[in-house]
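Please look over the sequence and the model shown here before reading on. The text then goes through the structure step by step.

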Amino acid sequence: MPGRTLIWGIGNEIMGDDAAGLFCAELLRQRNIPWIHVCLCGTLPENYICTIERIHPETLLLLDASDMGLPPGETRLLSLSDIGGTAFSTHGIPADVLLSPYEASVRIRIIGIQPLRNTPGAGISPQVRSAAERAADAVCRRSWGNIPAFQRQNRSPR
């Protein structure tokens, strides 16, 4: 059996589409797939760094809303270098700083979903909900590599 996959669902559940990563991770958690370990990190993924050392995953997938300047619900696959030096979404420590010590031993990828709105209490928009469902299906099929890669333009995703 292929190696274990660690999922970090990242986001703020009260800020509309910023909850996309949490929603997607919860869908995966509910499926109870033996090779997937899910952490619902909220806005503090740094609190889950110990799971990398405890689980020893082959792959770490971060699921998060990401403003990439795309239409709402568009999904892109990013690497740590794509987000270098920026705090991803609304969260504190930049993911590249947090995770770079693990890059030699763990394949780290980010599935970013373009939000429509990050309005308090708005809930997840239909476009983003659909994108999160498709992303969860891709993870279950181990086909997240088929998600289009992020193409840097004049901005970093955030």
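What follows starts with the whole chain and then turns to single elements and side chains.

The model is a predicted one. Its protein chain holds 4 helices and 5 strands. Read from the N terminus, these elements come in the order β-α-β-α-β-β-α-β-α. Of the 158 residues in the protein chain, 51% are buried. Contacts between residues at least 6 apart in sequence join residues at least 24 apart in 79% of cases.

Helix α1 covers residues 20-31. How far apart should the ends of this helix of 12 residues be? At 1.5 Å a residue the expected span is 16 Å, and the end C-alpha atoms lie 17 Å apart, which agrees. Just after α1, Asn32 has a positive phi of about 50 degrees.

Is α1 enclosed or open to the outside? The helix is largely enclosed by the rest of the structure, because 9 of its 12 residues are buried. The buried set begins with Ala20, Gly21, Leu22, Phe23 and Cys24, and it continues with Ala25, Glu26, Leu27 and Leu28. Among the elements that cover these residues are the strands β1 (5-10), β2 (36-42), β3 (59-65) and β5 (107-113). Helix α4 (126-140) is also part of this cover.

Strand β5 thus appears in the surroundings of α1, and β5 is itself mostly covered, with 5 of its 7 residues buried. Two strands pair with β5, and they do so in opposite senses: β3 pairs with β5 in the parallel sense over 7 bridges, while β4 and β5 form an antiparallel pair over 4 bridges. In the pairing of β3 with β5, Asp64 stands opposite Gly112. In the pairing of β4 with β5, Thr75 has Ile113 as its bridge partner.

Strand β4 itself takes in residues 75-78. Thr75 and Leu77 point one way from this strand, Arg76 and Leu78 point the other way, and all of them are buried.

The cysteines come next. A disulfide is a covalent bond between the sulfur atoms of two cysteines. How many disulfides does the structure have? The count is 0. Cys24 lies in the buried part of α1, and at 0% relative accessibility it counts as buried. Its closest cysteine sulfur is that of Cys140, at 8.6 Å, which is too far for a bond. For Cys41 the closest cysteine sulfur is in Cys39, 5.3 Å away, and this distance is also too far for a bond, since a disulfide needs the sulfur atoms within 2.5 Å. Cys41 counts as buried as well, at 5% relative accessibility.

The last topic is the aromatic rings. The structure holds 0 aromatic pairs. Two rings do have a charge over them: the charged end of Arg129 sits over the ring of Phe23, 4.6 Å from its centre, and the charged end of Arg142 sits over the ring of Trp35, 3.4 Å from its centre. Phe23 is one of the buried residues of α1, and Arg129 falls within the range of α4 (126-140), which helps to cover them.

Conventions. Residues are numbered from 1 along each chain as its sequence is written. This is a predicted model: local features need pLDDT of at least 70, side-chain atom pairs count only at pLDDT 80 or more; totals for chains, interfaces and linings use all residues. Side-chain values use heavy atoms; hydrogens and water are left out. The expected span of a helix is 1.5 Å times one less than its number of residues. Buried means under 20% relative accessible area, exposed over 50%, partly exposed in between (1.4 Å probe, protein chains only). Contact means heavy atoms within 4.5 Å. Two strands pair if DSSP finds at least two bridges between them. Rings of Phe, Tyr and Trp (its six-membered ring) pair if their centres lie within 6.5 Å; planes under 30 degrees apart count as stacked, over 60 as edge-to-face and the rest as tilted. A charge sits over a ring if NZ of Lys or CZ of Arg is within 6 Å of the ring centre and within 35 degrees of the ring normal.
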